[in-house]
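Welcome! Please open your viewer, keep the selection tool handy, and follow along stop by stop.

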Amino acid sequence: NGCFDLLHPGHVKLLSASRQQGDVLIVAIDDDPSVRRVKGEGRPIISSRERVGIVSAFDSVDHVVVFASDDLHRLIEIIRPDVLTKGSNYTTDEVIGRRLVEKLGGRVVRIPVTDPVSSTRIIEAIKGNTG
């Protein structure tokens, strides 16, 4: 799960590596109000509807759902994933839903992040270069 606003190579690697962890990859995308709460005003750059279209175009992705951040635990209870993946830029304790996934018999896999690229950094670079 994540925002997936302004997709970059790190997202592509994350999705590909996540797909290798199981038989089906379901990507949960934060809805627009959730992205705004997490990332601040002016975000998302790309609407949830457009982000769904982009993420679902990847061969590694089987299904995409949109959720509100407050509903992540409910979504986990419905899907009951065997594996929840997050980038290694998150500590195990920072992975929201980890305890619930483990309680339901699943596990959390942190996918190595080798490139420090982020959508926020890209946006800040663009802002700094305009003007």
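A salt bridge is a side-chain nitrogen of Lys or Arg within 4 Å of a carboxyl oxygen of Asp or Glu. Before the first stop, please note that this is a predicted model, in which local features need pLDDT of at least 70 and side-chain atom pairs count only at pLDDT 80 or more, while totals for chains, interfaces and linings use all residues. Residues are numbered from 1 along each chain as its sequence is written, and side-chain values use heavy atoms, with hydrogens and water left out.

**Stop 1: salt bridges**

By the salt-bridge rule, the count comes to 5. Begin by selecting Arg-98 and Glu-102, whose side chains meet in a salt bridge at 3.2 Å, N to O. Both belong to helix H5, where being 4 residues apart separates them by about one helical turn. Helices (H or I, at least four residues) and strands (E, at least two) are DSSP runs, numbered from the N terminus.

Now add Asp-93 to the selection: its side chain forms a salt bridge with that of Arg-98, at 3.4 Å, N to O. Shared partners thus join Asp-93, Arg-98 and Glu-102 into one network of salt bridges.

Which of these residues is buried, and which is exposed? Buried means under 20% relative accessible area, exposed means over 50%, and partly exposed lies in between (1.4 Å probe, protein chains only). Arg-98 is buried at 12%, Asp-93 is exposed at 64%, and Glu-102 is partly exposed at 37%.

Next, select Arg-19 and Asp-62, another salt-bridge pair, at 3.3 Å, N to O. Arg-19 sits in helix H1 (residues 9-19) and Asp-62 in the loop between helix H3 (48-56) and E2, so this pair ties together parts that are 43 residues apart in sequence. Arg-19 is partly exposed, with 25% relative accessibility, and Asp-62 is partly exposed too, with 35%.

**Stop 2: a buried serine**

Stay in helix H1 and select Ser-18. This serine is buried, with a relative accessible area of 6%. What does Ser-18 touch, leaving aside its neighbours within four places in sequence? Look for Leu-25, Thr-85 and Ile-111, which are in contact with Ser-18; contact means heavy atoms within 4.5 Å.

**Stop 3: helix H4 and its two sides**

Select residues 72-79 to bring up helix H4. Its buried residues are Leu-72, Leu-75 and Ile-76. They cover an arc of only 100° around the axis, which puts them on the same side of H4; the arc is that of the directions from the helix axis to the C-beta atoms. Here is a handy rule for viewing helices: an α-helix has 3.6 residues a turn, so residues three or four places apart point the same way.

What covers the buried residues of H4? The cover includes strand E1 (26-30), strand E2 (63-67) and H5. Click on Leu-75 for a closer look: beyond its neighbours within four places in sequence, Leu-75 is in contact with Ala-28, Val-65 and Phe-67.

Turn the helix around, and the face away from the buried side shows the exposed residues Arg-74 and Ile-78. Just after H4, Arg-80 takes a positive phi of about 50°.

**Stop 4: the nonpolar cores**

A nonpolar core is a set of buried Ala, Val, Leu, Ile, Met, Phe, Trp, Tyr and Cys residues joined through side-chain atoms within 4.5 Å. To show the largest one, select its 10 residues: Ala-28, Phe-67, Leu-72, Leu-75, Ile-76, Leu-84, Val-95, Leu-100, Val-101 and Val-108. H4 and helix H5 (98-103) each supply at least two residues of this core, and the largest share, 3 residues, comes from H4. A second, separate core has 8 residues, among them Leu-15, Leu-25, Val-27 and Val-55.

Back in the largest core, zoom in on Leu-100, which has its place in helix H5 and is buried at 12% relative accessibility. Leaving aside neighbours within four places in sequence, Leu-100 is in contact with His-73, Ile-76 and Glu-77. Leu-100 and His-73 are 27 residues apart in sequence and 7.2 Å apart in space, C-alpha to C-alpha.

**Stop 5: a patch on the surface**

Finish by selecting Val-24, Ile-26, Ile-78 and Ile-79, which form a nonpolar patch on the surface with about 330 Å² of accessible area together. Patches are made of residues with over 30% relative accessible area and no salt bridge: like charges are joined within 9 Å, and nonpolar side chains (Val, Leu, Ile, Met, Phe, Trp, Tyr) within 5 Å. Accessible areas come from the Shrake-Rupley method with a 1.4 Å probe, and for residues only the protein chains shown count as cover. Within the patch, Ile-78 is exposed, at 58% relative accessible area.
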